[in-house]
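This report concerns the metal sites and the ligand site of one protein model. Please read it alongside the sequence and the structure.

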Amino acid sequence: MNIEVQCCGIAVLLLIWYFSLRKKPLGLESKKLFLITMGVTSFCLVMDIASVVAISFQEAMPALLLAAVCKTYIVSLVWVGYFGLIYSSTDFNGVRQEWRKKNRIYTIIVLAGTVLIYILPISYYHEEGIVYTYGASCNATYVFALLFVLATVYKVGIKGKNMNLKRRRAILIWMVIWIIAALTQFLNARLLLVGFASVLGVVILFFELENPEANLDKETGAYNAHALGEYAKQLYGKQEAFSALLLALNDNNTGEDGDSAEQTDILLRGLVRHAEKAKDIKVFKTLERELIFFTSSEERLQEVFQEVAAYIESVPSKVQPCYVMLPNSLMLRNVEEVFRLLRHSRAERRKVQKGNCIFLDEEKIEQYKEREKIEALIRSALAEDRIEVFYQPIYSTKRDKFVSAEALARIRGRDGSIVPPGSFIPIAEKNGLISQIGEAVFEKTCAFIKEHHLREHYGIEYIEVNLSVRQCEDPKLAQSYIRIMEKYGLDPSCVNLEITESASIRLRHNLLENMKALIDYGVRFSLDDFGNGESNLNYIVDMPVSVVKFDRDMCQAYFANQKAKFVMEASMHMIHDMELEIVSEGVETKEQKDAIVALGIEYIQGYYFSKPLPKEEFLQFVERAASSDK
Ligand code: C2E
Ligand code: MG
Ligand code: MG
């Protein structure tokens with residue numbers, strides 16, 4: 001009997017069954033379909049052997065039973081092809097239900113094929129230990145199986161350009177093996193290769209895609225980051241809500257000493273083992289060495305949180321846990337949003353007291369979405385050159401005319417609307433986009449000064465440009481600003497850079513180096529927002545600035561409050577003693593302006609004179625002011 005190949009196939013399948021079922025399943029749709037395909041393939045192989053045995057002993061068998069066994073075998077071949085096609089489609093369909101809806105036609109074809117194969121006649125060949133079947137029923141099998149193979153090749157090879165490359169390659173190799181085996185068997189009916197070719201397909205899928213080890217993290221036994229992405233994507237595909245708890249044990253891994261890194265590993269391993277006991281929890285490890293626990297409800301999430309916290313407390317270690325809880329995944333639109341939010345919360349967690357938990361309720365998620373919207377707005381504005389600069393005139397009290405201006409960033413919306421900096425600068429400071437905004441504003445200002453000869457034609461001696469603390473931390477800042485001034489052939493005394501005192505500055509050394517390089521080049525600095533609460537006089541002593549800008553709050557308080565008046569006057573005297581000049585911001589009325597002039601402050605900036613203006617209006621304003629002086 002020619003069943004050696006089939007017996008080998010059975011042995012291989014048994015091994016793959018063992019390795020596939022050894023681990024607790026994650027419940028991925030693709031894995032389920034793989035197991036079904038493997039089940040049908042196993043059945044097909046068993047029937048292959050059964051049909052060879054039945055033909056060999058056909059004299060002892062009723063004809064109907066013989067036909068049933070042989071036809072069931074060839075029908076099962078068509079079903080392997082059918083499930084192969086369904087399995088191949090998981091990547092674009094995500095869920096079986098969806099696929100079923102779209103591809104009912106394939107189900108109808110496989111059912112029609114089954115009926116036809118059972119109806120059509122079959123013949124048996126049996127001589128010298130060689131057996132095989134032939135006839136109309138077998139030919140129908142070839143046609144239907146080929147149909148599914150071709151449909152799979154079409155879906156994966158032609159339409160599936162965006163699918164997972166590994167999956168695409170594995171499925172195509174499987175199909176090629178099938179076609180070669182079918183052709184060989186068609187030309188030489190004695191070689192019963194098609195059943196074994198299905199086994200080879202299963203072997204390829206197992207090693208390339210479905211080996212459970214590929215989804216596991218070697219260190220802890222938790223599911224890995226790849227499995228996390230696939231699983232979450234699948235739940236979103238089905239619109240099934242999940243609750244997640246993120247556990248981070250240290251602020252970052254770089255700061256860990258050997259001891260605490262080892263403690264973290266031991267703790268993570270212990271936690272995974274502990275959590276695996278519960279059937280309704282899935283534990284994943286992220287690339288940042290954090291654990292994410294998935295459960296199906298908020299109540300269960302709270303329990304998991306308590307259990308995890310209690311476990312960590314019970315183990316003596318130096319590590320500091322921090323938790324982020326997402327009670328309901330459907331508050332977010334897709335997996336990408338979930339991971340971006342978790343990543344964002346991870347970054348924010350440094351602000352949260354250690355051991356505390358960030359609970360992502362609706363309000364936090366709304367805030368986050370708003371922030372994402374603004375981030376997208378900034379990115380598109382940068383990409384489409386929609387950052388605009390407005391200029392607010394600055395008046396010299398000594399010379400009774402406008403001698404400078406402050407450049408202030410705006411975003412021009414696609415609909416022409418103007419977005420004020422208060423809504424995007426703080427976010428840009430956090431995500432680092434401030435550097436690009438700052439540079440764009442600086443370059444546009446330089447171009448503006450040069451193009452309109454502001455100093456020579458309008459008497460505007462210099463423009464104040466805001467510089468964020470984050471920008472100052474970049475060691476290459478001075479170099480790139482100098483390059484921009486050189487590009488426009490600008491006299492460096494045409495710009496004053498405004499810096500703000502900030503307790504959050506991390507790289508003070510870089511700030512001072514940048515300031516030194518720019519001052520050596522000829523640029524002057526102003527200290528912005530003096531008197532708004534964060535500033536103190538020491539900062540003026542430390543910083544090589546030429547101008548101090550009194551914050552609007554300080555100026556307003558001057559007119560409302562006697563004590564504030566003393567503070568501002570005393571500050572003014574001290575700053576003048578240091579031979580620095582002062583700009584008073586936020587002057588809104590004539591009384592305020594007169595009082596500031598009487599006080600002896602050199603410059604005034606405020607709505608009393610003008611709001612920040614687009615460049616053409618600013619030029620008209622300065623021209624008008626100059627001509628009304630004459
Ligand atoms: P700032 O640098 O202190 O700029 C002065 C702000 O006060 C401007 O607000 C200006 O319109 C406003 N202001 C001036 N006079 C008056 C007044 O009389 N009354 C009132 N109510 N407000 C007045 P704006 O343009 O909304 O800018 C807000 C802040 O955004 C700026 O404060 C600055 O910190 C930041 N910013 C703006 N552009 C840039 C930029 O290009 N880079 C950086 N890093 N920050 C910028
Ligand atoms: Mg400013
Ligand atoms: Mg200011």
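The text below treats the two magnesium ions, then ligand 1, and lastly two loop residues.

**The magnesium ions**

The model is predicted, and the values quoted here were computed from it. The magnesium ion (ligand 3) has three protein donor residues, namely Asp528 and Asp529 through OD atoms and Glu585 through an OE atom, at 2.2 to 2.3 Å from the ion. Along the sequence these donor residues follow the spacing D-D-x55-E. Distant parts of the chain are thereby linked: Asp528 belongs to strand 13 (residues 524–530) and Glu585 to strand 15 (residues 581–585), with their positions 57 residues apart in number.

The magnesium ion (ligand 2) takes its protein donors from Glu406 (OE), Asn466 (OD1), Glu498 (OE) and Asp528 (OD), which lie 1.9 to 2.2 Å from the ion. The spacing of these donor residues in sequence is E-x59-N-x31-E-x29-D. Here too distant parts of the chain are linked, since Glu406 lies in strand 9 (residues 401–412) and Asp528 in strand 13, 122 residues apart.

How far apart are the magnesium ion (ligand 2) and the magnesium ion (ligand 3), and which residue coordinates both? The separation is 3.9 Å, and Asp528 is the residue that coordinates both ions.

The burial of the donor residues can be stated for three of these positions. Asp528 has a relative accessible area of 6% and therefore counts as buried, the cut-off being under 20%. Glu585 is likewise buried, at 11%. Glu406 and Asp528 are both buried.

**The site of ligand 1**

Ligand 1 sits in the largest pocket. Its shell consists of 22 residues, and the closest are Glu406, Arg410, Asp528, Glu588 and Tyr607. Glu406 and Asp528 also serve as donors to the magnesium ion (ligand 2). Three elements give two or more residues each to the shell: strand 9, helix 16 (434–452) and strand 13. Strand 9 supplies the largest share, 4 residues.

Polar contacts of ligand 1 include those in the following table.

| Residue | Atom of the residue | Atom of ligand 1 | Distance |
|---|---|---|---|
| Gln392 | polar side-chain atom | nitrogen | 3.1 Å |
| Asp529 | side-chain N or O atom | oxygen | 3.0 Å |
| Tyr607 | polar backbone atom | oxygen | 2.8 Å |

On its own, ligand 1 has 800 Å² of accessible area, of which the protein covers 82%. Asp529, listed in the table for its contact with an oxygen atom of ligand 1, is also a donor to the magnesium ion (ligand 3).

**Two loop residues with positive phi**

Most residues other than glycine have a negative phi. Gln239 has a positive phi near 55° and is not a glycine. Gln239 is placed in the loop between helix 10 (225–237) and strand 3 (243–248).

Asp400, also not a glycine, has a positive phi of about 55°. Where is Asp400 placed? Asp400 lies in the loop between strand 8 (387–396) and strand 9. Is Asp400 buried or partly exposed? With a relative accessibility of 45%, Asp400 counts as partly exposed, because that class lies between the cut-offs of 20% and 50%.

Technical notes. Residues are numbered from 1 along each chain as its sequence is written. Chains are lettered from A and ligands numbered from 1 in the order in which they are written. This is a predicted model: local features need pLDDT of at least 70, side-chain atom pairs count only at pLDDT 80 or more; totals for chains, interfaces and linings use all residues. Side-chain values use heavy atoms; hydrogens and water are left out. Donors are N, O and S atoms within 2.8 Å of the metal (3.2 Å for Na, K and Ca); water is not among the atoms, so sites may look incomplete. Buried means under 20% relative accessible area, exposed over 50%, partly exposed in between (1.4 Å probe, protein chains only). A residue is near a molecule or strand if one of its heavy atoms lies within 4 Å of it. A polar contact is a pair of N or O atoms within 3.5 Å; within protein, one must be able to donate a hydrogen and the other to accept it, and residues adjacent in sequence count only if both atoms are side-chain atoms. Accessible areas come from the Shrake-Rupley method with a 1.4 Å probe; for residues, only the protein chains shown count as cover. On a 1 Å grid over the protein atoms alone, a cavity is a set of points where a 1.4 Å probe fits but cannot get out, and a pocket is an open set with protein on both sides within 12 Å along at least five of seven lines; lining residues have an atom within 4 Å of a point. A molecule sits in a cavity or pocket if more than half of its atoms lie within 2 Å of its grid points.
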